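Reader: I'd love a close look at one part of this model, namely the second largest pocket and the helices that line it. Could you walk me through that part and then place it in the rest of the chain?

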Amino acid sequence: MSDVISEYQKWKQQGDDLRLKAKQAMESRFRELLSEAARIADEYRADFGAVLKPPSPVTAFRYKAHAKPRSKKGGKPQLAGKVETAAEKPNPKIGRLQKRLATGKRKLEEAKAAGKPTRPLEDQIYEIEDELRLAHG
């Protein structure tokens, strides 16, 4: 029995070590790629006299750390009654956010069709979508 426990502990330690190495490798690779992209943009500007714009998924990227880290394990089991009442009674905040999102998307399409700048609208839509994700739980 103690063999199984010691093997498990060794396996767990190896997993923690691997996780730490992977984290460091990802952070390093992320920094390398950003540095390379900045260097290429500078070279492009110097050679061709124009600014190289990143694609919209990159410009819309916003990393926000969660206030409370999520655990890997499932949360507390919910009571059946609580789930049923939540399904029966829609959250008015979510409804308002969905309406704002639809309006924002409509304005974005109108701006694209008119050839106007869309960046502020894209940012606004991203913020509304983020609020919706948080409101859903």
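Author: Happy to; what follows starts with the whole chain, moves to the pocket, and then follows the helices outward from there.

Please keep in mind that this is a predicted model. The chain holds 5 helices and 0 strands, so that, by the DSSP runs used here, the order from the N terminus is simply α-α-α-α-α. Of its 137 residues, 9% count as buried. The accessible surface comes to about 12500 Å², and carbon and sulfur atoms account for 58% of that. As for how the chain meets itself, take the contacts between residues at least 6 apart in sequence: 56% of them join residues at least 24 apart.

Now to the pocket you asked about. The second largest pocket offers about 160 Å³ of space. Its lining consists of Lys 53, Pro 54, Ser 56, Thr 59, Thr 118, Arg 119 and Glu 122. Two elements give two or more residues to this lining, namely α2 (56-59) and α5 (119-136).

Thr 118 is a good residue to start from. It lies in the loop between α4 and α5. Is Thr 118 buried or exposed? Thr 118 counts as buried because its relative accessible area is 18%, and the cut-off for buried is under 20%. Leaving aside residues up to four places away in sequence, Thr 118 touches Leu 108, Ala 111 and Lys 112. Helix α4 covers residues 92-114, so by the numbering of that run these three partners of Thr 118 belong to α4. Thr 118 is thus a lining residue of the pocket that also has contacts with α4.

Next along the lining comes Arg 119, which brings a charged pair with it. The side chains of Asp 123 and Arg 119 meet in a salt bridge, with 3.3 Å from N to O. Both residues lie in helix α5, 4 residues apart, about one turn of the helix. Arg 119 is partly exposed because its relative accessibility is 37%, and Asp 123 is partly exposed too, with a relative accessible area of 22%. Arg 119 therefore lines the pocket and also takes part in a salt bridge, under the 4 Å limit for such pairs.

Following α5 further along, we reach Glu 129, which is found in that helix. Glu 129 is partly exposed because its relative accessible area is 26%. Apart from residues up to four places away in sequence, Glu 129 touches Leu 101 and Lys 105. The C-alpha atoms of Glu 129 and Gln 98 are separated by 8.5 Å, although the two residues are 31 apart along the chain. A second pair is worth setting beside this: Lys 99 and Ile 128 are 29 residues apart in sequence and 10.0 Å apart in space, C-alpha to C-alpha. Lys 99 has its place in helix α4, and it is exposed because its relative accessible area is 62%.

Helix α4 has a charged pair of its own. Arg 106 and Glu 110 join their side chains in a salt bridge at 3.4 Å, N to O. They lie 4 residues apart in α4, about one turn of the helix. Arg 106 is partly exposed, with a relative accessible area of 46%, and Glu 110 is partly exposed at 46% relative accessibility.

Finally, a look at α1, which spans residues 2-48. Here the side chains of Asp 42 and Arg 45 form a salt bridge of 3.9 Å, N to O. These two residues are 3 apart in the helix, about one turn. Asp 42 is partly exposed, with a relative accessible area of 45%, and Arg 45 is partly exposed at 46%. The count of salt bridges comes to 7, and the pairs described above are among them.

The end of α1 also takes part in a nonpolar surface patch. Ile 40, Tyr 44, Phe 48 and Leu 52 make this patch, which has about 370 Å². Phe 48 lies in α1, and it counts as exposed because its relative accessibility is 58%, where exposed means over 50%.

Notes:
Residues are numbered from 1 along each chain as its sequence is written. This is a predicted model: local features need pLDDT of at least 70, side-chain atom pairs count only at pLDDT 80 or more; totals for chains, interfaces and linings use all residues. Side-chain values use heavy atoms; hydrogens and water are left out. Buried means under 20% relative accessible area, exposed over 50%, partly exposed in between (1.4 Å probe, protein chains only). Contact means heavy atoms within 4.5 Å. Accessible areas come from the Shrake-Rupley method with a 1.4 Å probe; for residues, only the protein chains shown count as cover. Patches are made of residues with over 30% relative accessible area and no salt bridge: like charges are joined within 9 Å, nonpolar side chains (Val, Leu, Ile, Met, Phe, Trp, Tyr) within 5 Å. On a 1 Å grid over the protein atoms alone, a cavity is a set of points where a 1.4 Å probe fits but cannot get out, and a pocket is an open set with protein on both sides within 12 Å along at least five of seven lines; lining residues have an atom within 4 Å of a point. Grid points are joined across faces, edges and corners, and a volume is the space filled by probe spheres set on the points.
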